[in-house]
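Work through the exercises below with the sequence and coordinates open. Each task is followed by a solution in steps.

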Amino acid sequence: EAQLAHVKRVVVVWDEYKDDSLKAMTRSKRGPGVRQKVEGKNKLPRNWKEFLRVNSNKQELFEYLATCLSKVLSCKQIITTYGEGIMSVHPCDKIDQLQPCTQEEADTRMLLHTYHAVQCGHKRILLRTVDTDVLVLSVASIPKLHEFDKSVEVWIGFGTGKHHRYIPAHGIANSLAPQVALALPAFHAFTGCDTVSMFFGKGKKTALNTWNAFTDVTDAFTELSSHKPVIDGKLMASLERFVVLLYDRSSTNATVDTARKHMFVHKGRQFDNIPPTRAALDQHVLRTAYQAGCVWGQSLVPAPSLPSPQDWGWSLENDQWVPLWTTLPDVVHSCQELISCSCVKGCRGRCSCAKNDLRCSNLCRCSEQCNNR
């Protein structure tokens with residue numbers, strides 16, 4: 001009601017909870033909750049955290065609140081999502097562009113309603129969120145929204161309490177090259193989001209600085225952000241070089257496997273401070289392409305056509321999608337290859353390499369003239 005005093009339209013968007021969701025495993029790790037029937041006459045849950053751990057609780061709550069919103073008496077337009085459809089206080093123009101909607105996340109559905117509002121003639125739109133994904137997707141969508149009207153402004157009411165602030169997504173997009181704005185979703189997913197893991201110890205700021213130092217990777221991020229991403233050798237070579245620089249800005253290595261060996265052998269880095277293997281990076285790129293291109297890339301489409309996650313870095317186990325981390329065997333079964341000795345003048349048959357019937361490697365301190373090499 002407070003918002004209606006200043007705007008022409010209010011849209012309330014809810015998440016959908018699907019059994020085959022990629023986020024199902026993450027949600028299950030939060031632990032079991034308490035099932036409670038959602039009705040207007042029932043008391044509020046005593047423990048909201050336990051209540052919100054049950055997907056059916058949230059689904060019923062969203063449907064109940066949507067029904068209440070649709071009954072608000074107002075001369076202004078109030079729209080709320082309800083499953084794959086919408087409920088509206090007044091007739092909604094171009095309603096076929098909003099339903100049926102199979103978008104799972106409220107993040108992308110907010111952008112769909114933003115796109116619809118622009119087509120209906122609205123020029124200034126405020127998105128209220130606490131999710132960074134919405135900010136990134138908003139900036140990336142500005143070039144498409146400006147195809148209808150270059151005067152459109154999209155503001156993000158971001159954060160809560162004293163940390164709340166208004167961010168002009170259109171201002172950020174206008175300060176960036178169009179291709180960089182379009183590449184943001186893939187950059188965000190590649191460096192860590194809800195469905196794609198981050199590189200250990202490498203935050204967004206470090207990744208952004210690396211991107212600024214290696215701008216050639218922009219084409220790769222743009223391709224991964226497209227509706228139908230194509231992963232070819234040129235794209236992978238660019239991403240490999242980006243990851244190498246992410247871990248060592250001065251490195252001249254072009255591949256992650258070469259960089260791993262150099263950083264581990266010559267720089268004494270631990271496993272958590274060297275790039276992933278090429279096999280692991282391949283799966284990481286596939287998950288990035290699925291999230292940034294297949295999901296986020298169709299945020300302006302009410303019923304996106306999504307391929308099976310099984311072809312994009314995911315594996316189905318016990319009816320849940322889990323990341324396929326790598327196609328290489330587990331390091332536990334090949335850790336003997338990492339055994340090294342500390343012999344200085346050559347092995348005499350009493351060192352760890354000899355005891356495990358292994359040849360000395362570059363990890364060993366013995367000279368190149370060692371007979372066990």
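The exercises go from the whole chain to single elements, ring pairs and backbone angles.

The model is predicted: local features need pLDDT of at least 70, side-chain atom pairs count only at pLDDT 80 or more, and totals for chains, interfaces and linings use all residues. Residues are numbered from 1 along each chain as its sequence is written, and side-chain values use heavy atoms, with hydrogens and water left out.

**Exercise 1. Overall description**

Task: State the secondary structure content of the protein and the share of its residues that count as buried.

Solution. Step 1: assign helices (H or I, at least four residues) and strands (E, at least two) as DSSP runs, numbered from the N terminus. This gives 13 helices and eight strands.
Step 2: classify by relative accessible area, where buried means under 20%, exposed over 50% and partly exposed in between (1.4 Å probe, protein chains only). Of the 373 residues, 44% count as buried.
Step 3: take the extent of the C-alpha trace, which spans about 90 × 50 × 40 Å along its principal axes.
Step 4: count contacts (heavy atoms within 4.5 Å). Among those between residues at least 6 apart in sequence, 56% join residues at least 24 apart.

**Exercise 2. Helix α7**

Task: Compare the expected span of α7 with the distance between its end C-alpha atoms, and locate its kink.

Solution. Step 1: the expected span is 1.5 Å times one less than the number of residues. For the 13 residues of α7 (178-190) this is 18 Å, and the end C-alpha atoms are 19 Å apart, which agrees.
Step 2: compute the bend at a residue as the angle between axes fitted to the seven residues ending there and the seven starting there. A kink of about 40 degrees is found at L184, shortly before P185.
Step 3: list the buried residues of α7, which include A181, L184, P185 and F187. Their packing partners are α5 (132-145), α8 (204-213), α9 (218-224), α10 (233-247) and α12 (278-295).
Step 4: look just past the end of α7, where G192 has a positive phi of about 120 degrees.

**Exercise 3. A three-stranded sheet**

Task: Give the strand order of the open three-stranded sheet and name the helices that pack on this sheet.

Solution. Step 1: pair two strands if DSSP finds at least two bridges between them. The order is β4-β5-β6, with mixed pairing. β4 (124-129) and β6 (165-168) are the edge strands, each pairing on one side only.
Step 2: between β5 (153-158) and β6 there are four bridges, and the two run antiparallel. In this pairing G157 stands opposite Y166 of β6.
Step 3: fit axes as lines to C-alpha atoms, for helices over the stretch in contact, with angles from 0 to 180 degrees between N-to-C directions. Helix α4 (106-119) touches β4 and β5, and its direction makes about 165 degrees with that of β4. Helix α5 touches β4, β5 and β6, at about 175 degrees to the direction of β5.

**Exercise 4. Aromatic pairs**

Task: Classify the ring pairs Y115 with F148 and F187 with F221.

Solution. Step 1: rings of Phe, Tyr and Trp (its six-membered ring) pair if their centres lie within 6.5 Å; planes under 30 degrees apart count as stacked, over 60 as edge-to-face and the rest as tilted. The whole structure holds 12 such pairs.
Step 2: the centres of Y115 and F148 are 5.4 Å apart and the planes stand at 75 degrees, so this pair is edge-to-face. Y115 belongs to α4 and F148 to the loop between α5 and β5, so the pair ties together parts 33 residues apart in sequence. F148 is partly exposed because its relative accessibility is 44%.
Step 3: for F187 and F221 the values are 5.8 Å and 75 degrees, so the pair is edge-to-face. F187 lies in α7 and F221 in α9, 34 residues apart. F187 is buried at 6%, and F221 is buried at 0%.
Step 4: follow the ring pairs onward; F187, F190, F199, W211, F221, F242 and Y247 form a cluster.

**Exercise 5. Backbone exceptions**

Task: Find which peptide bond is cis, and give phi for K94 and D319.

Solution. Step 1: recall that most residues other than glycine have a negative phi, and most peptide bonds are trans.
Step 2: the bond between Q99 and P100 is cis, with omega about -5 degrees. P100 is in the loop between β3 (85-88) and α4.
Step 3: K94 has a positive phi near 50 degrees. K94 lies in the loop between β3 and α4 and is partly exposed at 40%.
Step 4: D319 has a positive phi of about 65 degrees. D319 sits in the loop between β7 (314-317) and β8 (320-323) and is exposed, at 69%.
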